[in-house]
Amino acid sequence: MPTLITLFLKFSAFSLIAFGGVNALLPVLLELAVYQEHWLDLQTFSDYFAIAQAAPGPNFMTVTLIGWHISGIFGAFMATFAIIWPAGILVFFLQRFILKMQDPMRKKTVQYAAATLAIGLVLSSAIEISLQINHGTMAFLLSGITIAIVLLTRWHPLYLIGLGALLGACGLI
């Protein structure tokens, strides 16, 4: 039971800074789940993240899978609830605040500030996770090429996923 209480309290606290979704929290979540609490190993964390990204549904499924790993269905529910409730309340009141604003310029400023915060946190998270998960020159090269292709072309992401799978099957990454 103390593990579930720890999970609930820490995930609830993380929820308050999850601008941009759970992906903005991935480095902190990885640090907590793998290195501090030892709830799971790095490979399992990576697998859960991959499953959460591949499956349809909400972005916070990684958290649900960590909870499930710790304590089955009750752990999954506890982790999911913990990551949702504080942010949900915060967004509710922030939206009410924005809707009550009379000055359209201030309203835009608050909205742009929130969007900028979310984008910055997600990009920071992507860099941090990339540094922790990529092992070897080919993996970093594949990440760099993928970023370049996404930014410079209109290729569908499935082509990039296929390229990564092909390189992995060939043993290059």
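Residues count as buried under 20% relative accessible area, as exposed over 50%, and as partly exposed in between. Select Val110 to try these limits: its relative accessible area is 24%, so Val110 is partly exposed. The residue belongs to helix H5. Now add Leu94, which is 16 residues away from Val110 along the chain, with 9.6 Å between the two C-alpha atoms. Keep in mind throughout that this is a predicted model.

**The whole chain**

Zoom out and show the cartoon. The protein chain has seven helices and zero strands; read from the N terminus, the order is α-α-α-α-α-α-α. Along the principal axes, the C-alpha atoms fill a box of roughly 55 × 45 × 25 Å. Of the 173 residues in the chain, 29% are buried.

**Helix H4**

Select residues 61–100, which make up helix H4. How far does H4 span between its end C-alpha atoms? The span is only 33 Å, whereas a straight helix of 40 residues would cover 58 Å at 1.5 Å a residue. Go to Ser71 to find a bend in H4 of about 145°.

Thr62 is also in H4. Is Thr62 buried or exposed? Its relative accessibility is 0%, so Thr62 counts as buried. Select Val22 as well: Val22 and Thr62 are 40 residues apart in sequence, and their C-alpha atoms are 8.2 Å apart in space.

**Aromatic pairs**

Show the side chains of Phe, Tyr and Trp. How many aromatic pairs does the structure hold? There are eight aromatic pairs. Begin with Tyr48 and Trp68, whose ring centres are 6.5 Å apart. Their planes stand at 65°, and planes over 60 degrees apart count as edge-to-face, so this pair is edge-to-face. The pair links distant parts of the chain, with Tyr48 in helix H3 (residues 42–54) and Trp68 in H4, 20 residues apart.

Switch on a surface to compare the two partners. Tyr48 has 10% relative accessibility and therefore counts as buried. Trp68 has 47%, so Trp68 counts as partly exposed.

Move next to Trp155 and Tyr159. Their ring centres are 6.4 Å apart and their planes are at 75°, so this pair too is edge-to-face. Both of these residues are exposed.

For the last aromatic stop, select Phe8, Phe77, Phe81 and Trp85, which together form one aromatic cluster.

**The largest pocket**

Select Phe49, Ile133, Asn134, Ser143 and Thr146. Among the 35 residues that line the largest pocket, these lie nearest its centre. The pocket has a volume of about 1600 Å³.

Colour the lining by element. Which elements give two or more residues to it? They are H3, helix H5 (104–133), helix H6 (137–152) and helix H7 (157–169). H5 gives the most, with nine residues. Then colour the lining by class: 22 residues are nonpolar, twelve are polar and one is charged.

**A loop residue**

Finish at His38. Where does His38 lie? His38 is in the loop between helix H2 (26–36) and H3. Check its backbone angles: phi of His38 is near 55°, a positive value in a residue other than glycine. At 58% relative accessibility, His38 counts as exposed.

Definitions and conventions. Residues numbered from 1 in each chain as written. Predicted model: local features only at pLDDT ≥ 70, side-chain atom pairs only at ≥ 80, totals over all residues. Heavy atoms only, no water. Phe/Tyr/Trp six-rings, centres within 6.5 Å; stacked < 30°, edge-to-face > 60°. Helix = DSSP H or I, 4+ residues; strand = E, 2+ residues; numbered from the N terminus. Buried < 20%, exposed > 50% of the residue type's maximum accessible area, 1.4 Å probe, protein only. 1 Å grid on protein atoms, 1.4 Å probe; cavity = no way out; pocket = protein on both sides within 12 Å on 5 of 7 lines; lining within 4 Å. Points joined across faces, edges and corners; volume = space filled by probe spheres on them. Nonpolar A, V, L, I, M, F, W, Y, C, P; charged D, E, K, R; others polar. Expected span 1.5 Å × (residues − 1). Bend = angle between axes of the 7 residues up to and from the residue.
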